[in-house]
Amino acid sequence: MKKSTGIIIASLFLTVLSITSCSTPAEKVANAEQKVTEANNKLDSANKEYMEDMIQYRKESNEKIEANNKSIAEFNARIAEQKKDAKEEYREKIAELNKKNEDMKKRIDEYKADGKDNWQQFKTEFNHDMEELGKAFKGLTVKNKN
C-alpha cells in the first residue's frame, strides 16, 4: 500500500510539474504570431533597402550614361576639325560607343526586381561593362588629343 501511494504521489507530482512548466496553446500561438510579425518586419525592411539600392544605382548609372552622351557630343564636335580619313574612323568609333551606351541605358531601365542575389550579380556585371565603356571613351579621348 505504501508503495502504491508513493507511486501515485510521484505520478501526480510529475503531472503537475509537466503541466505548469509547459506553455498553454494560447501562449504558443501568441509566441508564434510574434515571431511571424518580427520576420515579416525584417523582410519588409530588407525589401525596402533592396528597392532603395536599385533606385539609387539606377540614378547613378543614368548619370554616367548622360555623361557619356555629353562626351559623344563633344567628340562629334572635335572630329569636324580632323582630316577626312580621321573623321570617318572617329565617326565609326563614336557610333560604336554610342550604341554601347544606349545598350547600357536599355539594360538598366529594363532590369526587373528579381531578388537580391540576382541584383548583386547584375550590378557586378553592369559595373564591369560601364568601366569598360569608360575606358573606351578615355581611349578615344587620348587618341583625339594627338
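These are my notebook entries on a predicted model of a protein.

**Entry 1, overall fold.** I began with the secondary structure and found 4 helices and 0 strands. Read from the N terminus, the elements run α-α-α-α. I then looked at contacts between residues at least 6 apart in sequence; 78% of these join residues at least 24 apart.

**Entry 2, surface and burial.** I looked up the accessible surface, which comes to about 11200 Å². Carbon and sulfur atoms account for 56% of that area. The protein has 146 residues, and 17% of them are buried.

**Entry 3, the nonpolar core.** Which residues have the most contacts inside the largest nonpolar core? I found W119 and F126, in a core of 20 residues. I also noted which helices build this core: α2 (25-79), α3 (84-110) and α4 (116-145) each supply at least two of its residues.

**Entry 4, around W119.** I listed the contacts of W119 and left out its neighbours within four places in sequence. What remained was Y50, D53, M54, Y57 and Y111.

**Entry 5, salt bridges.** The count comes to 7 salt bridges. I wrote up three, starting in helix α3.

E96 forms a salt bridge with K100, and their closest N and O atoms are 3.4 Å apart. Both residues lie in helix α3, 4 residues apart, which is about one turn of the helix. I checked exposure on each side: E96 has a relative accessible area of 46% and is partly exposed, and K100 is partly exposed at 40%.

K99 and D103 also meet through their side chains in a salt bridge, at 3.0 Å from N to O. How far apart are K99 and D103 in helix α3? They are 4 residues apart, so about one helical turn separates them. K99 is partly exposed, with a relative accessible area of 47%. D103 is partly exposed too, at 33%.

For the third I moved to helix α4. There K135 forms a salt bridge with E132, with 3.7 Å between the closest N and O atoms. These two are 3 residues apart in helix α4, so they are separated by about one helical turn.

**Entry 6, a check on K135.** Is K135 buried or exposed? Its relative accessible area is 53%, so I entered K135 as exposed, because the cut-off for that class is over 50%. Its partner E132 is at 39% relative accessibility and counts as partly exposed.

How values were computed: Residues are numbered from 1 along each chain as its sequence is written. This is a predicted model: local features need pLDDT of at least 70, side-chain atom pairs count only at pLDDT 80 or more; totals for chains, interfaces and linings use all residues. Side-chain values use heavy atoms; hydrogens and water are left out. Buried means under 20% relative accessible area, exposed over 50%, partly exposed in between (1.4 Å probe, protein chains only). Contact means heavy atoms within 4.5 Å. Accessible areas come from the Shrake-Rupley method with a 1.4 Å probe; for residues, only the protein chains shown count as cover. A nonpolar core is a set of buried Ala, Val, Leu, Ile, Met, Phe, Trp, Tyr and Cys residues joined through side-chain atoms within 4.5 Å. A salt bridge is a side-chain nitrogen of Lys or Arg within 4 Å of a carboxyl oxygen of Asp or Glu.
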